[in-house]
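Hi,

Here is the model I promised to pass on to you. Have a look at it first, and then read my notes below.

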Amino acid sequence: MSRLPTGTITFLFADVENNAQLWENYPEAMQHAVSRLDSIISHNVSTFNGSLVKPRGEGESLMVVFKTPLSALKATCAIQSDCISEPWGENTLLRLRCALYTGEAELRDGDYFGTVVNRAARLRAITHPGQVVLGETTYQEVVTCLPSDFQLKDLGIHRLKDLETPEHIWQLLHPGLPEEFPRLLSTQLHNLPPPSTNFVGREHVLAEIREHLSGAQLLTLTGTGGCGKTRLSLQVAQEWLDRTRDGVWFIELAPIANPSLVPRTVAQVLGIKDQPGKSVTDTVLDALSRSNVILMLDNCEHLIEACVLFVRQIVNQCPQVRILASSREPLGLVGEIVYRVPSLSVPKLNAPLEEAQQSEAVALFHDRAVQQDPNFQLSRENIASVVQICHRLDGIPLAIELAAARIRSLEAQVIATRLDNRFRLLSGGSRTSLPRQQTLRALIDWSYDLLHEEERSLLCRTSVFTGGWTLEAMEQVCSGDDILPEEIKPLLSSLIDKSLVMPDERDGKTRYRLLETVRQYGLDKLMERGEGILLRERHRDHYLQLSVKSAPLLLGSEQATALYSLEAEHDNIRRALEWCLGDMEGAHQSLQFGANLWRFWMMHAHLFEGRAYLKEALEQVSADRASPDFANTLIGAGVLAWCQGDPEEASEYLKESLQLLRALGDKQGEASALNNLGLVVMEQGEYTVARQLHEEALAIRRAIQHEGGIHVSLNNLGNLAFFTGDYPNAWRYYQESLELRRRMGDKQNMSHSLYNMGLVAERQERNEEACRLIEESLALRRDIDDRHTIGFSLNALGDLALARGDYNTSARYLQESVHLFETVGDKRGLAEVWITLGNLALAQKHEQAALASYRESLIYLRTLNNKWSIARILDSFFNLYVAQQNWLVAVPIAAHTLFMRHSMGAPRSEREENDFTQKLAEVQKNLSTEEFQHLSEQGRLMSMEHILDFASQPEPN
């Protein structure tokens, strides 16, 4: 076997359909058939310079590697075509399923290992015999250089077994290959929660809902709480997974109180990224206009106006999107089909056992009762009582489940008697004709009355939580004079046993929640008990303390833990914030929240939401500005505005905070304001002013011995030295900053220093060291899930791979970087990575793709006005037009860039300068002295906007 290749390679994984069965039934014929298959494979692998890694495995499987993706594609097409045209024997038709995937893998002892190998194998596993499919990495490499008789068909995005990240998959089309195949055998895209209980009965209801959904774009299931709308929706959704290309998505609206968050919640569930210059709604609508999905909007009733507005836009603009909504009232839109969910069927009161068992209500009671007591059985002795229970509860599923939850402590006859007494009281003596809502409330009343007083109190108090809670939160918020903290856990266990509280296990941690109907009931009772305001204050104070405790951890060795905790409690934090903003007496707490949480919102990419909250909090207390919390909230608002590419608003907030902090004598806060204002000014190319701000901040921090600030100022002075080409001093600042950060265990800021040192090493052409430093920064950023910065490390690694000519690796890094920046809405990162993508396309001589990428970058740079990056992209435009020999455009760009860099004091690296000088000399050779001078003067006189328009939309050469 020839030496196996390393680096970026393309894998072909293939195997034979029904191989074991063919060998079992036709062993002699299979010997000849497999020998012929080996010849076909060996010939084509050799022809296209592949290497056979595993010539024979289970299922006649094979692994072949190729140095180039196009060779792999051609070889696979030839193998598959030869197999299809081969005159196999009557009983030995050998049909291959083939999958191609490109990437780097570890070569050890003559075999390959790693993520790429796993993905290739999983891709093959979902492919049909006779089919050739490609993963996204292979597609990106071959799509621009396909032979004329090759085409690629988009099969959509699919989940692969045991792999978290879904894969975009493509099918090879060729005259020698079949085109039509069943849907891939993958796990469909969805976020449907696994059912916690059996689905019982309601076959006719499911059939009617299926029929309505088949012919409608909007179907709304209505009915009172507890009638089973959500459970029915989930059951229908499971059945539709194979009928939608882009999945079925469950959007739980119950925890959302702010109507403006409806589009944002949908975007987060679908993974739709923010787009510059577009509202969240427009971005979601644009993405859905190309999607074939089912959206399940659950519990719309408390956000009905926002849901109506949003759904109307989807229906009008997204023809392939179906919406399955659940609400206690219809949305009232044109074309909406409203289906009122009926109760479960109940038998006659005197029905015999065999007949009663056929009813849905009795079947549900039996199923849930067995969960409580495995020995429970329906019998002739208890069936009358069970039927009576189902009648008293009007066949309402939630009511029946709550009643069945008592079977472990009460016999059916006792449950029926107590229900009977309760309903006589509520209905004025009538034992029939109860409204369904009254019935459900009566049932929860009954369950509530059966609780001990401490259990009742705890159930009501838990209703103050949104999106679940932890035991620790419950002990702090819900304990009081009547319930000690140590009594919470056994009382909680009792409520779980009674099916009133639901435990959720996630990532080895347990959280608890209430069904929405029970939560609303609990809130009503909490107000009746006169504890509503008290519990809201306790809830607010608990999450305020969580924010206070977490704020310093976000800058230390426990960043990852703090970020995880804040993300898990984000719904509760939102609710606490809403209460603060809705109460003038909570104004001070709203500022405390803002001052403590802005770093979390920045690091976990809640930029829009965090910025909106900070703005509202500042407006609420605008009359009283003389407090450290107000000033620090201004800093947070300024930083988030800067992160979103709004330097003007960022500067306003930060200047106001600086003035307030100086008046307050808060030196640490003053240094923070100076530092962040320095970042805004530095980005505008005002390096002298930026240096003054950062040096002043550093002097204050050294004077008060604030190490956590000193390392930040050192890093930013390093940035200034880097931008002005002073690489030795940049390295010195970064190294000193890194030493402090290592001592503090601050992973996020350690990653910044390592990243920046990597950029310096790259500028000094120490590329191996640069790669090591930036990979270390990436590992730290992934470790704490700092979504705001991971993309920068990936972009830098992509740039380094490009410099060494490894285009496949570069593309892989850059694609992930774009995805992350789009997800968090980071304009600054998107501007940088699109420049690098353009440079990659230009290196591969894809000039139109390069121009498109540079134009994409300009969309962001125009709003950011980042002078250093603008100079960088003008250099890239210059390189593009030199490659196209478009001297009339190249010269003005070169002249303007020279003038701009000189004005800012921002030189190129030595390698970049040499490359620029060489290309400019080439340009001069092709123009007269007069032409060159005229074009240069033209470029120097252009405004910034004019030169950018000129570069991105040149006249034909």
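Start with Arg 732, which lies over the face of Tyr 733, with 4.6 Å to the ring centre. Keep in mind that this is a predicted model. A second arginine is placed in this way too: Arg 456 lies over the face of Tyr 448, at 5.8 Å from the ring centre.

While you are looking at rings, there are 17 aromatic pairs in the structure. One of them is Phe 877 with Tyr 881, a stacked pair with 6.3 Å from centre to centre and 5 degrees between the planes. Both residues sit in helix α38 (residues 867–883), and because they are four residues apart there, about one helical turn separates them. Phe 877 is buried, at a relative accessible area of 0%, and Tyr 881 is buried as well, at 1%. There is also a cluster to look up: ring pairs link Tyr 687, Phe 722, Phe 723, Tyr 727 and Trp 868.

Next, the sheet. What is the strand order in the open sheet of five strands? Reading across, you get β11-β12-β13-β10-β14, and the pairing is parallel. The edges are taken by β11 (248–252) and β14 (337–340); each has a single partner strand, so one side of each has no neighbour in the sheet. From one strand to the next, the twist averages 20 degrees.

If you want to zoom in on one pairing, try β10 (residues 218–222) with β14: the two run parallel and are joined by four bridges. Within that pairing, Thr 222 stands opposite Arg 340 in β14. Then bring in helix α6 (residues 203–215), which lies across β10, β12 (294–298), β13 (322–327) and β14. The helix runs at about 175 degrees to β14.

Just ahead of that helix there is a backbone detail to check. Arg 202, in the loop between β9 (167–173) and α6, has a phi near 60 degrees, which is a positive value in a residue other than glycine. Is Arg 202 buried or exposed? Its relative accessibility is 4%, so Arg 202 counts as buried, the cut-off for that being under 20%.

Lys 845 also has a positive phi, about 65 degrees, although it is not a glycine. You will find Lys 845 in the loop between α36 (827–843) and α37 (847–864). Here the side of the cut-off is the other one: Lys 845 is exposed, with a relative accessible area of 69%.

One more loop residue, and then I am done. Ser 359 is placed in the loop between α11 (353–356) and α12 (360–372). With a relative accessibility of 6%, Ser 359 counts as buried. Which backbone atom does the side chain of Ser 359 reach? That would be the backbone nitrogen of Val 362, at 3.3 Å. Leaving aside residues up to four places away in sequence, Ser 359 touches Ser 345, Val 346 and Pro 347.

That is what I have for now. Write back when you have had a look.

Cheers

Terms used
Residues numbered from 1 in each chain as written. Predicted model: local features only at pLDDT ≥ 70, side-chain atom pairs only at ≥ 80, totals over all residues. Heavy atoms only, no water. Phe/Tyr/Trp six-rings, centres within 6.5 Å; stacked < 30°, edge-to-face > 60°. Buried < 20%, exposed > 50% of the residue type's maximum accessible area, 1.4 Å probe, protein only. Lys NZ or Arg CZ within 6 Å of the ring centre and 35° of its normal. Pairing = 2+ DSSP bridges. Axes fitted to C-alpha atoms, helices over the stretch in contact; angles between N-to-C directions. Contact = heavy atoms within 4.5 Å. Polar contact = N/O pair within 3.5 Å; in protein donor to acceptor, adjacent residues only side chain to side chain.
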